[in-house]
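Please look through the sequence and the model shown here before reading on. The report that follows takes up a few topics in turn, each under a short heading.

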Number of protein chains: 2
Amino acid sequence: MTATTHHAIRERIRARIKAGEYPLGTRIPGEAEFAASFGCSRTTVNRALRALADEGIVERRRKGGTRVRPLPVPQAQLTIPLVREQVEATGRRYSHRVVVRGTASTDAAARRRMRLGDDVPLMHLETLHLADEQPFAFERRWVNLWAVPAFASADLSVLSANEWLVREVPFSSGEVSLSAAAASEQVAAVLRVEPGAALFTLDRTTWLDEAAITTMTLSYRPPYTLDFAI
Amino acid sequence: MTATTHHAIRERIRARIKAGEYPLGTRIPGEAEFAASFGCSRTTVNRALRALADEGIVERRRKGGTRVRPLPVPQAQLTIPLVREQVEATGRRYSHRVVVRGTASTDAAARRRMRLGDDVPLMHLETLHLADEQPFAFERRWVNLWAVPAFASADLSVLSANEWLVREVPFSSGEVSLSAAAASEQVAAVLRVEPGAALFTLDRTTWLDEAAITTMTLSYRPPYTLDFAI
DNA sequence: TAGTGGTCTAGACCACTCA
DNA sequence: GAGTGGTCTAGACCACTAG
C-alpha cells in the first residue's frame with residue numbers, strides 16, 4: 001500500500017510533472033480527481049497542491065483549475081548584511097564618518113516612502129562608510145523622531161546609525177528596493193567617482209507596526225555586486 | 001463576531017506576540033487552547049501556527065509546544081521573476097527579438113563565469129525584451145553547446161532563450177549577481193537610453209551538476225527597481 | 001452560471017519528545 | 001507515560017472566475 005500522506009502525494013504529482021505526463025502550461029487533474037485516483041481525501045490533495053504552488057511548480061486558480069507553470073520560479077534566500085560586515089568580510093578595516101546631521105532638511109521622497117505628513121519631525125543623516133579609509137558606500141537616512149526620540153541625542157561616533165537603530169529599536173517589517181542610479185554631483189564627490197557614474201542603490205524603509213522608523217538610501221561605490229545562490 | 005479564518009487567527013496571534021503578550025522564547029498556548037479561546041477548530045489554529053512557523057516567528061515541537069523565536073530571521077525571500085511575467089504584471093504586452101545569434105564571439109568573462117576552457121563551443125545570443133514594443137531589458141547570453149547541443153538549432157521565435165532552456169534543460173544550481181553598470185554604446189542604442197546611463201544589471205549562471213549550462217547578463221532599462229519585503 | 005479551488009469543522013489516530 | 005503537534009478523513013459551504 002502506497003502512503004497517502006500529503007508529502008507522498010506531493011512527490012508523486014511532482015514526479016508526474018517532471019516525467020512530462022502533464023505538459024507545461026496544461027491543466028492537471030482537479031483535487032477531487034486526484035483524491036479518487038490516489039485513494040485519499042481531497043484535503044490531502046489540496047495540501048499537496050498548495051505546497052507545489054508555493055514552490056512555484058504549479059499555478060492554481062478557482063474555476064480555472066491547476067496548471068503546470070511554464071517555467072519554475074527561481075527563488076532565493078537573500079540576506080542583506082550590515083555594511084560593516086560587508087567590509088570586514090573582505091578583510092578591510094571598517095570605519096564611518098557622519099557627514100551631515102540635522103533636522104533642517106525636508107525630503108518629499110523620504111516622507112512619501114515613510115507615509116508621513118509634513119508635521120512629523122525627521123532627523124536627516126548622511127554617513128560615509130569607509131573600507132581601509134577608502135569610500136565604500138554613502139548612506140542618506142531619515143529617522144522618525146516621534147517614533148524614536150532618543151535618536152536625536154544618540155552618540156553615532158562608535159556605532160553607525162544603522163547599528164544604533166537595530167540595537168535600540170525593534171522593527172516588524174520592511175521594504176527593500178534595489179536599483180541603479182547615476183551619481184549626483186554631491187554623492188560623486190563624497191564617493192570619489194565621476195558624476196553620473198552608475199551606483200548600485202539600496203532603499204530600505206522599516207516599520208514598527210504602523211509607524212515608519214527610518215528610511216535610507218545606500219549608494220555603493222563601484223565596483224560592487226550583491227551575490228547570492230539559487 | 002470575529003472572523004475565524006486561519007488568516008485572521010494567524011494575525012491575531014501575531015498581534016499578541018508583537019504586543020509582548022508572549023515574551024520572546026516563552027511557550028504560547030497550545031492548539032487546543034487557542035481553538036477554544038478563539039472559538040474555532042484546532043485544524044484552523046494548526047494552519048495559522050504552521051504559517052507563523054514558516055515565517056520564522058515561532059518554533060514548534062511535539063510535546064515541547066510552540067515557542068516565540070528569540071530573534072526573527074533577518075532573511076528575505078527574493079523571487080526573481082521572469083522577464084515575461086514582469087512585463088505582463090504591469091499590464092503590458094510582452095515580446096522579444098533576437099538581435100544576435102552565433103558562435104563567433106568569444107567572451108573571456110563569460111567563460112570565466114562558466115569555468116570553461118577555450119575549447120568548449122559556446123553559442124552567443126543577444127535578445128531584446130519588449131513591453132508594448134518599447135525596450136524593457138537587454139539580454140546577453142552564452143550557452144554551452146557541449147552541454148546543450150540541441151540549442152544550436154532551437155527555434156527562438158516563439159520562446160525566448162531563457163524559456164527554451166528551462167523547458168529543455170533542468171538545472172541544479174545557480175549563481176546570481178546584482179550590480180549597476182553604465183550603458184555601453186551598443187546597449188544604449190538598443191535600449192534607447194543615453195550612453196553611460198545607469199542600468200540595473202543581473203548576472204546569472206546556471207549549472208547542471210558540474211557542467212555550466214548558460215550564463216547571462218540582463219540589463220534593465222531605467223527606471224527599474226527590484227522590490228521585496230523583509 | 002457552473003465548476004474549481006479555498007477553507008472550516010469535528011473527530012480520530014499517530015509520532016515525537018519532555019519530564 | 002503523557003502531552004503536544006502532525007496529519008488524515010468526510011462532509012460542507014463559500015468565493016472566485018472562466019466560458
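## The surface near DNA strand D

How many residues surround DNA strand D, and which are the closest? There are 24 residues around DNA strand D, and the closest of them are Thr5(A), His6(A), Arg42(B), Arg60(B) and Lys63(B), where a residue is near a strand if one of its heavy atoms lies within 4 Å of it. This is a predicted model, in which local features need pLDDT of at least 70 and side-chain atom pairs count only at pLDDT 80 or more, while totals for chains, interfaces and linings use all residues. Residues are numbered from 1 along each chain as its sequence is written, chains are lettered from A and ligands numbered from 1 in the order in which they are written, and side-chain values use heavy atoms, with hydrogens and water left out.

Of the atoms of DNA strand D within 4 Å of the protein, 68% belong to sugar or phosphate, and the rest belong to bases. Both kinds of atom appear in the polar contacts, a term for a pair of N or O atoms within 3.5 Å (within protein, one must be able to donate a hydrogen and the other to accept it, and residues adjacent in sequence count only if both atoms are side-chain atoms). A polar side-chain atom of Arg47(A) lies 3.1 Å from a phosphate oxygen of DNA strand D, whereas a side-chain N or O atom of Arg42(B) is 2.5 Å from a base oxygen of this strand. A polar backbone atom of Lys63(B) is 3.2 Å from a base oxygen of DNA strand D. The elements that give two or more residues to this surface are helix H3 (42-55) of chain A, together with helix H3 (42-55), strand E2 (58-61) and strand E3 (65-68) of chain B; helices (H or I, at least four residues) and strands (E, at least two) are DSSP runs, numbered from the N terminus. H3(A) supplies the largest share, four residues.

## The surface near DNA strand C

Around DNA strand C there are 23 residues, of which Arg42(A), Arg60(A), Lys63(A), Thr5(B) and His6(B) come nearest. Of the atoms of DNA strand C within 4 Å of the protein, 66% are part of sugar or phosphate, and the rest are part of bases. When the residues near DNA strand C are sorted by class, one is nonpolar, ten are polar and twelve are charged. In this sorting, Ala, Val, Leu, Ile, Met, Phe, Trp, Tyr, Cys and Pro count as nonpolar, Asp, Glu, Lys and Arg as charged, and the others, Gly among them, as polar.

Phosphate oxygens of DNA strand C are approached by side-chain and by backbone atoms: an N or O atom in the side chain of Arg27(A) is 3.2 Å from one, a polar backbone atom of His6(B) is 2.3 Å from one, and a polar backbone atom of Ser41(B) is 2.8 Å from one. Two or more residues of this surface come from each of H3, strand E2 (58-61) and strand E3 (65-68) of chain A, and from H3 of chain B. The largest share, four residues, comes from H3(B).

## Salt bridges in chain A

Side chains of opposite charge can pair when their charged atoms come close. The structure holds 26 salt bridges over all chains, each being a side-chain nitrogen of Lys or Arg within 4 Å of a carboxyl oxygen of Asp or Glu. One of them joins Arg10(A) to Glu11(A), with the closest N and O atoms 2.5 Å apart, and these two residues are linked with Arg14(A) and Glu55(A) in a network of salt bridges. Arg10(A) is buried, at 15% relative accessible area, while Glu11(A) is partly exposed, at 29%; buried means under 20% relative accessible area, exposed over 50%, and partly exposed in between (1.4 Å probe, protein chains only).

Another salt bridge joins Glu126(A) and Arg140(A), whose closest N and O atoms are 3.1 Å apart. This pair links distant parts of the chain, with Glu126(A) in strand E6 (residues 122-131) and Arg140(A) in strand E7 (residues 134-144), 14 residues apart. Glu126(A) is buried, with a relative accessible area of 5%, whereas Arg140(A) is partly exposed, at 25%.
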